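Here is a small set of exercises to work through with the viewer open. Try each task on your own, then compare your steps with the solution.

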Amino acid sequence: MQRKAYVPGAAVLLAALLAGCTGASDDGGSPADSKGGDTGTTAVAAQPGKYRTLPEACGAVDHDTLDALLPGIAQLPDAAQQEQAYEGEAALTYDTDRRDGCSWKVESATATDHLSIAFERVVSYDNTVSDDNKAEELYSTRETAADLPEPAATGSDSSSSPGGDAGTPSGDAGSSGSGDGDDSGGSGSEPTPSGSASPTETSAALQPRVLDDLADQAFVNDKLSAGSSPARQRTVTVVFRTSNVIVTIEYAEQPTASGGVPDSEEMQDRARKLADVLAGKLDG
């Protein structure tokens, strides 16, 4: 009799334990429910940039393009010297998938030409900021530092055809009045260097400006060194961003004493064509 009375008691205890387990699975404290809650609160990581590598900078410019930018190459006496000039000098870098650059310097009978290009692949280390957004932020900082002049009012340059003043002193003021963040100037309201006309006499097409038809964002800067000498150095800079890569081109020409002022339209045109080539290298 005692043994039969014990069995129902054990069954009641087992039923209670089973009911407790079932209750634990029904409330919000089970491991499965807790995991589901954690998933709902995890922030979605920002998207990586389009580009994971960079072109090799010294090989990114073909010989024909270098011949146009650096006419002194054709004047070198032998093929070995020409080949060395085409190769350029690679910039020091510790990770060519993040930064790479190259520069060239060639003398001719009338001028010394300098060219440098630099690629920078931007990576955001903030999970809430995408690589593209970080690159856009860095690009905007550089554009602001360039201190580009305000675009000319519509019709203010109606008397000047685009490029009509290029290469003459009257085509220099817009270049020397801009700046790359240095003390040489910042807008068209700055004093005009000796030998240069006022910015209003310069074609608006050649003013330092934002470029709407290159990559995601771009600008061109055009500066002429100060002074009254006709042999002043002109430096044209093009900076553009495509996705998470920022590309900088700097093209400078220092004429000989008899060479005259470098032609703004011609130098900008060469730099723009190179920018198109490099943009194609990124997507190629």
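A disulfide is taken here as a pair of cysteine sulfur atoms within 2.5 Å. This is a predicted model, in which local features need pLDDT of at least 70, side-chain atom pairs count only at pLDDT 80 or more, and totals for chains, interfaces and linings use all residues. Residues are numbered from 1 along each chain as its sequence is written, and side-chain values use heavy atoms, with hydrogens and water left out.

**Exercise 1. The disulfide**

Task: Find which cysteines form a disulfide, and describe the link.

Solution:
- Step 1. Apply the cut-off to the sulfur atoms; the count comes to one disulfide.
- Step 2. Identify the pair: Cys58 and Cys102, with their sulfur atoms 2.0 Å apart.
- Step 3. Place both ends, using helices (H or I, at least four residues) and strands (E, at least two) as DSSP runs numbered from the N terminus. The pair of Cys58 and Cys102 links distant parts of the chain, 44 residues apart: Cys58 is in the loop between α2 (31–41) and α3 (63–69), and Cys102 is in strand β2 (residues 99–107).
- Step 4. Take the torsion about the S-S bond: at 95°, the link of Cys58 and Cys102 is right-handed.
- Step 5. Check exposure, where buried means under 20% relative accessible area, exposed over 50%, and partly exposed in between (1.4 Å probe, protein chains only). Both Cys58 and Cys102 are buried.

**Exercise 2. The sheet**

Task: Work out in what order the strands form the sheet, and which strands stand at the edges.

Solution:
- Step 1. Set the pairing rule: two strands pair if DSSP finds at least two bridges between them.
- Step 2. Follow the partners across. Seven strands form an open sheet with antiparallel pairing, in the order β1-β2-β3-β7-β6-β5-β4.
- Step 3. Look at the ends. β1 (89–90) and β4 (209–210) each have a single partner strand, so one side of each is left without a neighbour in the sheet.

**Exercise 3. Strand β6 and its partners**

Task: Describe how β6 pairs with β5 and β7, and say how many of its residues are buried.

Solution:
- Step 1. Start with β7. Nine bridges join strand β6 (residues 234–242) to strand β7 (residues 245–255), and the two run antiparallel.
- Step 2. Pick out bridge partners in β7: Val236 has Tyr251, Arg241 has Ile246, and Thr242 has Val245.
- Step 3. Inspect the turn. β6 and β7 form a hairpin with two residues between them, and Ser243 in this turn has a positive phi of about 55°.
- Step 4. Turn to strand β5 (residues 217–224), which pairs with β6 in the antiparallel sense over eight bridges. Here Leu224 stands opposite Arg234 in β6.
- Step 5. Sort the side chains. In a regular strand the side chains alternate between the two faces of the sheet. From β6, Arg234, Val236, Val238, Phe240 and Thr242 point one way, and Thr235, Thr237, Val239 and Arg241 the other way; all are buried.
- Step 6. Conclude: nine of the nine residues of β6 are buried, so β6 is largely enclosed by the rest of the structure.

**Exercise 4. The other side of β7**

Task: Which strand pairs with β7 over eleven bridges?

Solution:
- Step 1. Strand β3 (residues 111–121) makes these bridges with β7, in the antiparallel sense.
- Step 2. One pair to locate is Ala111, which stands opposite Pro255 in β7.
- Step 3. Eight of the eleven residues of β7 are buried, so β7 too is largely enclosed by the rest of the structure.

**Exercise 5. The largest nonpolar core**

Task: Find which residues touch the most other members of the largest nonpolar core.

Solution:
- Step 1. Build the core as a set of buried Ala, Val, Leu, Ile, Met, Phe, Trp, Tyr and Cys residues joined through side-chain atoms within 4.5 Å.
- Step 2. The largest nonpolar core has 36 residues, and Leu115, Ile117, Phe119, Phe240 and Leu278 touch the most other members.
- Step 3. Two or more residues each come from α3, α4, β2, β3, β5, β6, β7 and α7 (264–283). α7 gives the most, with seven residues.

**Exercise 6. Positive phi in loops**

Task: For Asp147 and Ala215, state phi, place and exposure.

Solution:
- Step 1. Asp147 has a positive phi near 55° and is not a glycine. Asp147 lies in the loop between α5 (131–146) and α6 (173–176), and is partly exposed, with a relative accessible area of 37%.
- Step 2. Ala215 has a positive phi of about 55°, although it is not a glycine. Ala215 sits in the loop between β4 and β5, and is partly exposed, with a relative accessible area of 37%.
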